[in-house]
Every structure is written in structure tokens, then in C-alpha cells.
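Please open the model in a viewer and keep the sequence panel visible. The tour below proceeds by selection, and each stop describes what is found there.

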Amino acid sequence: MVDVNFGREIMEVDSSPEGSFDSGRHLESTATQMVDGPINSSPCMEIIPSVGSPQLDVDPGVDGPQLVETTSITETYSQPVTVDLTPFFVTDQVFDSREAIIEWCQEVGKKNNTVLVISHSKKTLKGKGSRITLGCERSGWYTDHKKKSLQPKPPEPRKRKSRTRKCGCPFQLKCDWVEGNKWTLRAVCGRHNHELSDTLTGHAYAGRLKEEEKQLVLHLTATGVPPQQVLIALKEKSKENYSTLKTIYNVKSKHRKSQVEGKSAMQQVMELLARYHYVEKHRSNEETNEVRDIFWAHPESMLLAKCFPSVLMVDSTCKTNRFKMPLIHIVGISSTGKLFTVAFAFMEADTEQHYIWALTQLKWMYMPNTLPSLLVTDRESALVNAIDIVFPRSSRLLCTWHLNQQVQANCEKAFEDNDEWEQFHTDWNHVWQAETMDEYGDAYADFATKWAPKYPSCIVYLRDTWLIQKEKFALAWTNKIKHFGNTTTKADKEHENLRKYLVSAVDSYSTCWKAMHNMIKDEIAQIKFSFELSLTTLNQEHLSPALEELRNHVSHKALELVLFEIHRAENLGNEESSCSCFLHSTHGLPCAHELVKYVPQGKAIPLLNIDSHWKQLSIVPTQELYNGFDVLPEFQLLRQKWREAVEPRRSLLLQKIKDIATFKPRN
């Protein structure tokens with residue numbers, strides 16, 4: 001007898017002395033066709049796996065088909081495992097619907113560590129004759145569905161491993177439709193030919209998620225919850241959840257494919273930008289209409305950029321995304337010292353023309369008289385040239401973090417002794433961190449004298465690559481520029497934060513964009529919180545009488561800097577020559593020689609002495625409307641002179657302003 005459906009040879013051993021096959025007895029398929037009644041288990045069945053389909057040979061002299069011997073026996077079950085669950089599925093209950101009877105059977109199966117699936121289903125319009133056959137997930141045999149061809153196929157570089165649970169399990173339940181649109185159940189065969197699992201975890205069908213569980217997975221994923229935490233949340237919600245991490249990944253993948261079906265990568269991003277009301281600019285290829293470059297900014301990020309326009313940090317990298325496209329990340333800094341993303345831009349290439357286009361979109365965000373006064377970048381020539389073209393009046397500094405990374409990459413390999421390299425690096429830092437030009441000259445002379453004989457190539461590299469533009473990073477020069485403490489891209493922390501958000505965003509542009517969106521939302525929330533702290537709370541050291549006018553009117557960051565300068569002023573005299581005026585020049589805050597006029601006498605530091613950058617404690621710009629008198633270049637020049645002036649220069653300016661304001665012309 002041959003089981004044609006499964007490609008298995010089933011030989012029934014008869015007790016007759018001839019050992020011949022009884023043509024009147026046969027076994028039906030255990031997965032596709034079962035007789036209505038218990039299986040006769042008296043004969044001993046021997047299951048012999050074969051390669052390919054069994055062959056039938058017809059002999060004219062013998063009635064019926066004959067078996068042709070194929071391959072050797074690989075597994076023999078002389079005493080098959082039998083687990084009978086019939087009593088659990090015997091019931092007189094009449095079920096109200098098709099779904100109800102299936103759910104009941106599967107729940108009973110789960111309680112007995114059995115996964116039941118629908119083997120066959122017949123459904124009629126009127127209901128009469130409808131039937132469902134439920135079987136064990138291990139019923140039937142594995143069938144290779146790959147198309148067979150005589151043509152040789154090239155070897156596959158990577159072959160996917162396949163597994164099967166099927167072992168021809170005979171378990172079978174039949175659900176029949178009865179009058180009144182009801183359903184009844186009968187157990188055709190309640191036996192398994194395999195041992196039951198200890199747990200249902202890892203069984204794909206048992207681990208399927210319900211619709212509400214899928215929605216929970218998508219919601220948690222959209223809020224940035226890692227898959228491991230999503231799985232924990234599911235199992236805490238339902239103790240009978242048998243899902244695995246693979247289940248979570250499958251749900252995410254299916255949802256992502258449904259969202260992007262028929263849309264290009266840039267179309268996906270632009271749809272997301274519109275949904276979340278981002279400001280977006282892009283340009284396309286005129287021939288193919290494909291988006292080449294795209295620039296976007298969060299609405300609240302634009303407000304922050306207008307509140308804090310003075311300093312921007314610009315970094316371009318293709319290492320934070322799998323697409324290897326240049327990604328521009330533009331970062332600003334708030335009055336509380338918190339960094340925030342101003343804008344992002346994906347570009348087709350990192351050429352000067354592409355940078356000019358992206359920076360032009362950035363310039364569009366600002367009022368003409370509130371353009372960034374300082375930009376901090378790395379040494380990339382295309383970006384530097386673009387900044388000089390788009391922001392010609394803005395100062396530019398080199399990021400000292402990038403500088404040191406480049407120095408280490410080019411010089412460290414020349415040193416065999418790590419201690420010697422550490423000393424070289426320390427001496428180099430002393431050169432560019434010298435606070436005055438004279439100190440810089442002395443430090444460089446000592447540095448070159450000490451290291452040039454042993455490592456001349458390193459000295460030449462530092463001199464010809466970096467020191468020719470020392471005004472862009474050396475403290476002796478940058479101490480005269482108002483950079484609010486940003487001589488290095490503290491934004492590198494922000495870029496590193498971006499990399500963390502993008503660590504799992506490797507599937508598409510849309511997943512990258514969502515990671516950036518989540519990062520921006522977190523930044524804005526932290527900045528709003530820091531504003532509220534500065535407006536409503538005080539630290540113990542802020543109770544000093546000198547800070548009376550400043551408390552809750554400037555940020556805590558500014559108060560900390562002023563307090564540090566007050567402590568430094570205690571060791572200085574009243575002479576301006578003994579004060580470097582570093583804090584006044586770089587941060588717009590009163591320096592030590594100014595503070596000695598207020599602190600020893602118990603006077604409060606005037607709020608007018610604080611730069612407007614530190615007074616901004618809201619995400620909404622509080623700058624006055626720029627119209628009429630305010631836009632006159634003479635007014636802007638006067639404002640700039642007031643900010644840069646120190647006592648007694650400010651007193652003189654104030655007197656002249658009063659004379660002009662109180663002047664009464666004669667009739």
C-alpha cells in the first residue's frame with residue numbers, strides 16, 4: 001500500500017505466514033484524509049522515509065499495484081509514541097459560531113501543550129454542509145515546493161536553512177455545521193504520534209499576536225521602545241503570551257512594508273514631514289524628477305533657532321546612516337546650555353554646490369538682521385567654502401574636537417612609546433590653549449624645540465595643516481569672539497546621541513527619519529524643562545545679594561558662570577589690566593574687574609550687564625519687532641558697541657544716549 005499524498009511508504013506487517021500484503025486493507029492519509037472512527041492499532045506499523053515520491057509498478061499478472069523498493073531505511077518506529085488527548089475534546093456543547101468553536105479547541109489544545117491549526121475548511125453560502133477540520137501543527141509531511149527544472153542552476157551564495165515540525169501526526173477534529181447556524185465537535189482521532197512539548201514558546205502559530213497586541217507593538221515601537229522591552233510589556237499584559245523577539249520583528253517588518261508599498265524612499269520621508277508639520281525644502285532632478293537634496297526643520301526647532309541665533313555648529317557625516325549619503329546636522333545651544341537640533345539635510349553628494357543649497361535653506365529660517373554670528377565646523381573644504389559664500393559676515397571657528405581627532409590619527413602612528421605620545425599630545429594642547437599671543441609664541445617655540453629633532457614630520461604636519469589657521473581655534477584668538485563657550489562642537493555629543501538613535505534605524509529612510517524625530521522631541525522637552533527650572537527655582541548659592549536682579553531672569557547656567565567669576569574676582573584688584581575680560585568677550589557676562597564694583601559693596605549686578613542670550617527662557621522669541629527705527633544700521637551699530645563696551649566706556653555711551661533722548665529742540 002502506498003500513501004501518495006505524503007511521499008511515504010507505509011508497510012503493514014501482517015501475521016500471515018506468507019507475509020503478503022492484504023489488498024483489501026489500506027490506510028488513509030493521516031493529514032489529509034481520515035476515516036470516521038478510531039484507527040486500528042493492532043498491527044505494528046513501520047514508517048520508512050524515502051527520497052522523492054514512491055514508485056508504482058504495474059504487473060499484468062498481478063492484481064493491483066506493486067511497491068518498488070526505493071531507498072534505505074533512515075528511521076524505524078517499531079514502538080511509536082502515542083499520547084491520547086481524546087477525553088479533553090469530547091463535548092456535547094453546541095457552539096454559536098465558527099470562530100467560537102475554533103477558539104475553544106485551540107484553548108483546550110494550549111492547556112495540553114498542543115497547537116491546533118485548520119487543516120481543511122469547507123464553507124457554503126447557506127451554511128449547510130460547512131465543515132472545518134482541525135489538526136496538529138505536526139500533521140502531514142514536509143513537501144519541497146521549489147520548482148524542479150532540468151536546467152542546472154548556479155550555486156547560491158547563501159542558502160537559507162529550513163526546518164520542519166511535521167511528522168505525520170494523526171490527530172484530527174471535525175467541526176460540523178448544524179441547523180440554526182450552530183456548530184458541533186467530534187474527535188476523529190485524539191492521539192498524537194509524538195511527545196508533547198514542555199512549553200508552547202517558540203511555536204510560531206501559538207506565538208501569533210492578537211490584533212490589539214499588534215497595535216500595542218506598533219504604538220510602543222513608534223515611541224522608541226526597544227523590541228526587548230516591547231516583548232516584556234506583552235508578556236506582562238498576558239501570561240499566556242508565547243511570542244518571541246522574532247514575532248515582534250515580524251510585526252514591525254510587515255507594518256513597515258505596508259506603509260511603504262508603492263512609494264519611493266524620499267516620498268516616504270516627505271509624507272512624514274507633512275504629517276508632523278515640518279518645514280521642508282527639496283530640489284529634484286529635472287530629467288528624472290527624483291529628489292536630490294532635502295532639508296527639514298521641526299516647527300519648535302525653528303522657534304529655538306530664532307531665540308538663539310548667535311552660534312551654530314554644523315557637522316556633515318555619512319557614517320550615521322546605512323545609505324552613505326551626506327547628512328548635515330545643524331545644532332544650536334540654548335541659554336541653559338542645552339544643545340538642540342536646528343535642522344537636518346540629506347544631500348546627493350558632499351560638493352560645494354550641495355552645501356551652498358543646504359545652507360541657503362538654513363539662512364531662509366532667520367531674519368536678515370539676526371543671522372548667525374558664528375559657525376563652528378570641521379575642516380572640510382567644501383563646507384567651509386559654502387559657509388563663506390552663504391554667511392560672509394559670520395565668524396567661523398574650527399572644532400577643536402575634530403582637530404584633536406585628526407592630529408591623533410596622523411601623528412600617533414609615528415610614536416612607538418605610548419607614554420611619549422601622551423606627553424607630545426599634552427605639549428600640543430599647551431600650544432593652542434595658550435590664553436595670550438605671547439604665551440602662544442613661547443609655548444610653540446618650546447614645543448618645536450623639544451619634538452622637532454625626533455619627530456620632524458609631526459611638527460611639519462601641525463605647522464602646515466593647522467597652525468596656519470590658528471586664528472580659528474587657538475584660545476589666544478578665539479578668546480576675543482563671543483562664542484558662549486562653544487569653541488568645540490559640544491554638538492559632537494549631539495551627533496553621538498544621533499548615532500545612538502540611529503543604531504537600529506537601518507531599514508529605510510523613514511526609519512532613520514523617525515529616529516531623528518524622536519531625538520528632536522526629547523531635546524525640546526529637556527530644554528523646556530530647563531527653562532522652567534531657571535524661572536521658578538533657586539539653588540542655595542543663588543541667594544547672594546549680588547544676584548538679586550538676575551535671579552529667575554537669567555538661566556541657571558549664566559548664574560553659575562557669574563558665581564565662578566565672582567570667586568575669581570576675589571583674587572584680583574580693581575584694575576582692568578589684571579583681568580583678561582575673557583567672560584565678557586566670549587559669553588557676554590560681567591568679568592572679574594567689573595564684578596569687584598558690585599560684590600564687595602553688596603550691590604546687585606545690573607540685568608543690563610547680561611547678554612540677551614542668557615535672558616531668553618522661553619521657546620517663543622521675545623525679540624522686539626524689527627521695523628522702523630530698529631532696522632537702521634546705526635541702531636545696530638550702537639547696540640553692538642554697547643554689548644562690547646566695558647566700564648567706564650558704557651557710562652560714557654549711556655550719557656550720550658540720555659543726551660539724545662532728552663534733547664528738546666527749540667521752537
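Begin with the cysteines. In this predicted model, the count of disulfides is 0. Select Cys-175 and then Cys-105: the sulfur of Cys-105 is the nearest cysteine sulfur to that of Cys-175, at 4.6 Å. A disulfide requires the two sulfur atoms to lie within 2.5 Å, and Cys-175 is accordingly in no disulfide. With the surface displayed, Cys-175 proves to be buried, its relative accessible area being 0%. Cys-399 is also worth selecting; this residue is buried at a relative accessible area of 2%, and it returns at a later stop.

Next, turn to the charged side chains. Side chains of opposite charge can pair when their charged atoms come close. Over the whole structure, 13 salt bridges are found. Select Arg-131 and Asp-176, whose side chains form one of them with an N to O distance of 2.9 Å. Arg-131 belongs to strand β8 (residues 131–136) and Asp-176 to strand β9 (residues 172–178), so that this salt bridge links distant parts of the chain, 45 residues apart. How accessible are the two partners, buried or partly exposed? Arg-131 is partly exposed, with a relative accessible area of 33%, whereas Asp-176 is buried at 13%.

Keep Asp-176 selected and add Arg-186. These side chains also meet in a salt bridge, with 3.0 Å from N to O. Arg-186 lies in strand β10 (residues 182–189) and Asp-176 in strand β9, so the pair ties together parts that are 10 residues apart in sequence. Arg-186 is partly exposed, at 30% relative accessibility. Which residues do the shared partners join into one network? They are Arg-131, Asp-176 and Arg-186.

For another salt bridge, move to Lys-470 and Glu-471, where the closest N and O atoms are 3.9 Å apart. Glu-471 is partly exposed, with a relative accessible area of 36%.

The following stop concerns the backbone. Most residues other than glycine have a negative phi. Select Asn-113, where phi is near 55°, a positive value. Asn-113 sits in the loop between α1 (98–111) and β7 (116–122), and is partly exposed at 26% relative accessible area. Then select His-277, with a positive phi near 60°. Its loop runs between α5 (265–275) and β12 (279–284). His-277 counts as exposed, at 60% relative accessibility.

Finally, hide the surface and look at the nonpolar interior. The largest nonpolar core has 51 residues. Select Trp-296, Ile-330, Val-342, Leu-362 and Met-365, which have the most contacts inside this core. Helix α15 (residues 509–536) supplies the largest share of the core, 7 residues.

Centre the view on Val-342. What surrounds Val-342 once its neighbours within four places in sequence are left aside? Its contacts include Ala-297, Ser-301, Ala-305 and Leu-312. Ile-330, Val-331 and Gly-332 are also among them, as are Leu-362, Met-365 and Tyr-366.

A second, separate core comprises 32 residues. Select Met-313, Leu-397, Cys-399 and Trp-614, which are included in this second core. Here the tour meets Cys-399 again, the buried cysteine with a relative accessible area of 2%.

Note on methods:
Residues are numbered from 1 along each chain as its sequence is written. This is a predicted model: local features need pLDDT of at least 70, side-chain atom pairs count only at pLDDT 80 or more; totals for chains, interfaces and linings use all residues. Side-chain values use heavy atoms; hydrogens and water are left out. Buried means under 20% relative accessible area, exposed over 50%, partly exposed in between (1.4 Å probe, protein chains only). A salt bridge is a side-chain nitrogen of Lys or Arg within 4 Å of a carboxyl oxygen of Asp or Glu. Helices (H or I, at least four residues) and strands (E, at least two) are DSSP runs, numbered from the N terminus. A nonpolar core is a set of buried Ala, Val, Leu, Ile, Met, Phe, Trp, Tyr and Cys residues joined through side-chain atoms within 4.5 Å. Contact means heavy atoms within 4.5 Å.
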